[in-house]
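Thanks for passing this one along. I went through the fold strand by strand, and my notes are below the structure.

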Amino acid sequence: MYQRILVPIDGSATSMLGLDEAIRLARLTGGQIRLLNLVEDPTLSAGYASFAAYSGEVLPMLRQAGEEILEKGRATALAAGVAVDTQLFEGLATRLSEAVEQEVARWGADLVVLGTHGRRGASRFFLGSDAEQVLRSSPVPVLLVRTAAGGPATA
C-alpha cells in the first residue's frame, strides 16, 4: 500500500484538504508524508522588470512564506501522529507538475495527493489547472481531493 505520500501544499484551504486526506491514508497504511511547496516565479505573471529586485526583495519573502506554509502542514501531520518531512522547491519558471515529477523521482513517492477546486468549463480554461497537469504527468497514482460542491473549501 502507499508508504510515501507526496502532498503539494500552497497554504490554501483546498491544499489543506489534500493534506487532511493524505494524513488519513498515512495513518491507515503506516506511511509517511512529504510536503512540497513550490516557490513560484512572479516575474512571469506579475511582470517584474528587474531580476535584481526580484532576487533581492521578492524571492526571500516567497521563501519565508513557503517555509511557513510547510511548517503549518508539518505541525498538522505531526499532531495526527504521522511521520512527515518537508521540501521547499525553488524552481524559477517551473510548473507545479514539473516540481512534483522531480520530487516523486528523487524521493521515491508512490502516491501524490493534491487538493483541487474541481473547476470546469471556462474557469478551468482561463485559470489553468495545476491538478490536471500533475495528473497527466505524474509517474505514480494521483489522488485529487475536491472542495465541497458549491462553496469554498474549509480547513
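Here are my points, from the overall layout down to single residue pairs.

1. First, a caveat: this is a predicted model. The protein chain comes out with six helices and five strands, and along the sequence the pattern reads β-α-β-α-α-β-α-β-α-α-β.

2. Some overall numbers for orientation. Of the 155 residues in the protein chain, 41% count as buried. If you take the contacts between residues at least 6 apart in sequence, 77% of them join residues at least 24 apart.

3. Now the sheet. It is open, has five strands and parallel pairing, and its order is E3-E2-E1-E4-E5. The edges are E3 (83-90) and E5 (142-146), each of which pairs on one side only. Ignoring direction, neighbouring strands are turned by 25° against each other on average.

4. What packs on this sheet? Helix H1 (residues 13-29) does, touching E1 (4-8), E2, E4 (111-116) and E5. The direction of H1 makes about 145° with that of E4. H1 also belongs to a right-handed β-α-β unit, together with E1 and E2.

5. Going through the pairings, I'd start at the E3 edge. E2 (residues 32-39) runs parallel to E3, and the two pair over eight bridges. To find the register on screen, look for Arg 34, whose bridge partner in E3 is Asp 85. Further along, Leu 36 has Gln 87 of E3 as its bridge partner.

6. On to E1, which is joined to E2 by five bridges, again in parallel. Ile 5 is a handy landmark here: it stands opposite Ile 33 in E2, and its bridge partner in E4 is Leu 111. The parallel E1 and E4 are joined by two bridges.

7. At the other edge, E4 and E5 run parallel and are joined by five bridges. Here Leu 114 has Leu 144 of E5 as its bridge partner.

8. How buried are the strands? E4 is mostly covered, with six of its six residues buried. Leu 111, Val 113 and Gly 115 point one way from E4, while Val 112, Leu 114 and Thr 116 point the other way, and all are buried. That fits the usual picture: in a regular strand, side chains alternate between the two faces of the sheet. As for E2, seven of its eight residues are buried, so this strand is largely enclosed by the rest of the structure.

9. One helix pair deserves a look as well. The axes of H4 (residues 96-107) and H6 (residues 130-137) come within 8 Å and cross at roughly 40°. The crossing of H4 past H6 is right-handed.

10. Which residues make that contact? From H4 there are Leu 96, Ser 97, Val 100 and Glu 101, and they meet Asp 130, Gln 133, Val 134 and Ser 137 of H6. By class, that gives three nonpolar, three polar and two charged residues.

11. If you only have time for a quick check, I'd go to two places. One is E4, with Leu 111 as bridge partner of Ile 5 and Leu 114 as bridge partner of Leu 144 in E5. The other is the contact of H4 with H6, where Val 100 and Val 134 are among the residues involved.

Terms used:
Residues numbered from 1 in each chain as written. Predicted model: local features only at pLDDT ≥ 70, side-chain atom pairs only at ≥ 80, totals over all residues. Heavy atoms only, no water. Axes fitted to C-alpha atoms, helices over the stretch in contact; angles between N-to-C directions. Helix = DSSP H or I, 4+ residues; strand = E, 2+ residues; numbered from the N terminus. Left-handed = near helix turned anticlockwise from the far one by under 90°. Contact = heavy atoms within 4.5 Å. Nonpolar A, V, L, I, M, F, W, Y, C, P; charged D, E, K, R; others polar. Pairing = 2+ DSSP bridges. Buried < 20%, exposed > 50% of the residue type's maximum accessible area, 1.4 Å probe, protein only. Right-handed = clockwise from strand over helix to strand, strands pointing away.
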